[in-house]
Amino acid sequence: MGVGILFSGLPGRAFSRSGNGSVLLDFEDALMEALCDRLTTAGAEARGLRLRASVLARASVAAMRATVAEYHELPAAEQTLETARGLLRRAFDMLR
């Protein structure tokens with residue numbers, strides 16, 4: 001699943017529900033699992049690993065949600081791929 005869907009259509013589409021849950025919650029969970037794998041491979045301490053991965057995943061999705069909301073507030077002429085990339089960069093810079 002790519003994040004492009006978040007920037008297409010109306011803002012509400014990004015937060016819609018799938019058959020059995022939230023698309024974003026599913027994305028958070030998948031991201032958490034990927035982060036767990038990556039942190040384990042990088043030699044991170046096992047204690048608290050899932051919590052760390054969960055916090056990072058959910059903060060990342062929150063940054064994307066805020067970016068999507070900001071993007072859809074822009075005039076149509078400013079809603080470009082370059083603008084979306086810039087907003088994402090700024091949002092993730094705020095998490096560092």
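Here is a short chat about how the helices in this predicted model are described.

Colleague: What makes up the secondary structure of the protein?

Modeller: Three helices and zero strands. Going along the sequence, that reads α-α-α.

Colleague: Why is α1 called oblique to α2?

Modeller: Helix α1, residues 23-41, packs on helix α2, residues 49-73, at an angle of about 135 degrees. Angles over 145 would count as roughly antiparallel and 65 to 115 as roughly perpendicular, so an angle in neither range, and not under 35 either, is oblique. That makes α1 oblique to α2. Their axes are 8 Å apart, and α1 passes α2 in a right-handed crossing.

Colleague: Which residues of α1 and α2 meet?

Modeller: On the α1 side they include Leu24, Phe27, Leu31 and Leu35, and on the α2 side Ala53, Leu56, Val61 and Met64. By class, this contact has 13 nonpolar, three polar and seven charged residues.

Colleague: How do you know that the reach of α3 is close to the expected one?

Modeller: Helix α3, residues 81-95, has 15 residues. The expected span is 1.5 Å times one less than the number of residues, which for α3 gives 21 Å. From its first C-alpha to its last, α3 reaches 22 Å, close to that value.

Colleague: What makes a residue of α3 buried, and which ones are?

Modeller: Buried means under 20% relative accessible area. In α3 the buried residues are Ala84, Gly86, Leu87, Leu88 and Ala91, and what covers them includes α2. Across the protein, buried residues make up 29% of the 96 residues.

Notes. Residues numbered from 1 in each chain as written. Predicted model: local features only at pLDDT ≥ 70, side-chain atom pairs only at ≥ 80, totals over all residues. Heavy atoms only, no water. Axes fitted to C-alpha atoms, helices over the stretch in contact; angles between N-to-C directions. Helix = DSSP H or I, 4+ residues; strand = E, 2+ residues; numbered from the N terminus. Left-handed = near helix turned anticlockwise from the far one by under 90°. Contact = heavy atoms within 4.5 Å. Nonpolar A, V, L, I, M, F, W, Y, C, P; charged D, E, K, R; others polar. Buried < 20%, exposed > 50% of the residue type's maximum accessible area, 1.4 Å probe, protein only.
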